[in-house]
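Subject: Structure handover

Hello,

Here is the structure for your files. Please load it before reading on.

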There are 2 protein chains.
Amino acid sequence: MSADSYNQVKHLLAIDCAIFGYEEGEVKLLLFQRGIEPAKGEWSLPGGWVNGSESVEAAAQRVLLKITGLSNIFLEQVHVFSDPVRDPGGRVVSVLFYALIIIQNHDKELVRNHGAHWFPIEKVPPLIFDHNNMVKMALEKLRAKASYELIGEQLLPEEFTLLQLRQLYDAIFQRKFDPANFRKKVLSLNALRRLKAKNTTESKRGAYYYKFKETSAKPGERIVKL
Amino acid sequence: MSADSYNQVKHLLAIDCAIFGYEEGEVKLLLFQRGIEPAKGEWSLPGGWVNGSESVEAAAQRVLLKITGLSNIFLEQVHVFSDPVRDPGGRVVSVLFYALIIIQNHDKELVRNHGAHWFPIEKVPPLIFDHNNMVKMALEKLRAKASYELIGEQLLPEEFTLLQLRQLYDAIFQRKFDPANFRKKVLSLNALRRLKAKNTTESKRGAYYYKFKETSAKPGERIVKL
DNA sequence: ACAAAAGTGTTTCGGCTACACCCATGC
DNA sequence: GCATGGGTGTAGCCGAAACACTTTTGT
């Protein structure tokens, strides 16, 4: 920052959220039917304006709470979109976030009332403006994160089996991981605690439940080569 | 984006640039003495306001041109800083970029006239506001990039020896790379073209000059484990 | 009995690391 | 002749990948 003064052109500032959830073996994205002109009624990422006295992160959390009923959601910045003509309705600079939610925990009623819908990431419809590009970048970011550290704490129920975790990774990367190798790799990270209980609904023999250790800080640990 | 209309609170929007150069075996950062209140005269990252009809990237390029005399500089977004009280002078949202320049090419006179100075990255002084944190994040981004692909095209002279490239990496990661292994790894990437000419100023025997191939698109190729 | 997932073990392969070693040349 | 960087070769280690194999239990 450096200029003559603080008396400068001001900008409309928005945030958009790529909200990912995991359900039925698929990574899903929450999309909205846009409520305002232009492009009213078309599919878009949920978003909102940034208020005068909140950070972009706070704005994103506010929007997330309004839509999903959940607070304290995991989110990370992805990119700023600022092409002067990206929005036909006017000059709007938008900060894109991706968010991870445990789909089972969210308020489905609320989502429905907002006219929103969960789409599997392989079946994202055409979106307004540059939102398809946003989804692409958000997915890349998600994959990059998942390849550097074990994710799932923000996507799976608190207790889960290694099968479920592996299928999550299968869904994120759209490939099949070797069950034996995935197990060994994941356990070697020492990030999970095995529970006493077993899940017998998904296999005859039964698989132990695991949960994430309440980990203060784990170093970057590579899971997958991209 | 979704709300009642486009009649919303507007924001001061700025960009800040962490400009990296490489000289005398050191990665250096270009810092400014801030020209406006508050904190006038203190060290800061160069930056500027975003105009009404330009993208944040265009604003960054404009600032870079003004300061270094160079256009078409390599830059990438790092992060958005939007804490409402990050700038005591008012509510300013800032998009941080890092930029790489070939320090030998830039207009030293211009830099001097702006009261700017190159600091080795290990000797960055206390900066205004959240700028020290910005430098930290920009450096992390630079290292992440350098570990995924071979950089140097934007930091070294057009023709360079493998010694110079290795010393650049030494400087970026603040460690010593094994000369033999570095050479083999770099050459295996197939991104450099060996020239006829040799450099005999830095070694007795003389080392071949290399230059980057005019590569359309190289896939992400890991150089260094972080 | 068989299918299907759980869980363990083994072999192979490739890349990274750490060196040893020769080359060329200015001092 | 010796120090310095240039450049090549190689042995060892480690992790990823591929896959064989045993266990358990519902059907």
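Below are the conventions, followed by the findings.

This is a predicted model, in which local features need pLDDT of at least 70, side-chain atom pairs count only at pLDDT 80 or more, and totals for chains, interfaces and linings use all residues. Residues are numbered from 1 along each chain as its sequence is written, chains are lettered from A and ligands numbered from 1 in the order in which they are written, and side-chain values use heavy atoms, with hydrogens and water left out.

The two copies

A turn of 180 degrees with a shift of 0.0 Å along the axis lays chain A on chain B, and the RMSD is 0.0 Å. The two copies are thus related as by a two-fold rotation axis. Superposition is by least squares on the C-alpha atoms of residues with pLDDT of at least 70 in both copies. Of the interface residues of chain A, 100% are also interface residues in chain B, so the copies meet through the same surface.

DNA strand C

There are 17 residues around DNA strand C, and A:R183, A:K184, A:R205, B:N181 and B:R205 come nearest. A residue is near a strand if one of its heavy atoms lies within 4 Å of it. By class this surface has 9 charged, 5 nonpolar and 3 polar residues; Asp, Glu, Lys and Arg count as charged, Ala, Val, Leu, Ile, Met, Phe, Trp, Tyr, Cys and Pro as nonpolar, and the others, Gly among them, as polar. Sugar or phosphate accounts for 62% of the strand C atoms within 4 Å of the protein, and bases for the rest.

Base oxygens of DNA strand C lie 2.8 Å from a polar side-chain atom of A:K184 and 2.7 Å from one of B:R205. For B:K185, a side-chain N or O atom is 3.1 Å from a phosphate oxygen of the strand. The elements that give two or more residues to this surface are α5 (179-188) and β9 (207-212) of chain A and α5 (179-188) of chain B. Helices (H or I, at least four residues) and strands (E, at least two) are DSSP runs, numbered from the N terminus. With 4 residues, α5(B) gives the most.

Around A:W118

A:W118 sits in strand β7 (residues 116-120) of chain A. A:W118 counts as buried because its relative accessibility is 13%; buried means under 20% relative accessible area, exposed over 50%, and partly exposed in between (1.4 Å probe, protein chains only). Its C-alpha atom is 6.3 Å from that of A:L31, 87 residues apart along the chain. Leaving out residues up to four places away in sequence, A:W118 touches nine listed partners, among them A:I19, A:F20, A:K28, A:I101 and A:H106; contact means heavy atoms within 4.5 Å. The side chains of A:W118 and A:H106 make a polar contact at 3.3 Å (a pair of N or O atoms within 3.5 Å; within protein, one must be able to donate a hydrogen and the other to accept it, and residues adjacent in sequence count only if both atoms are side-chain atoms).

Backbone and cysteines

A cis peptide bond joins A:E37 and A:P38, with omega about -5 degrees, and A:P38 lies in the loop between β2 (26-33) and β3 (43-44) of chain A. In chain B, a cis peptide bond joins B:E37 and B:P38, with omega about -5 degrees.

A:F129 is a residue other than glycine with a positive phi, near 50 degrees. A:F129 is partly exposed, at 25% relative accessible area.

Over all chains there are 0 disulfides (pairs of cysteine sulfur atoms within 2.5 Å). A:C17 is buried at 0% relative accessibility, and B:C17 is buried at 0%.

Regards
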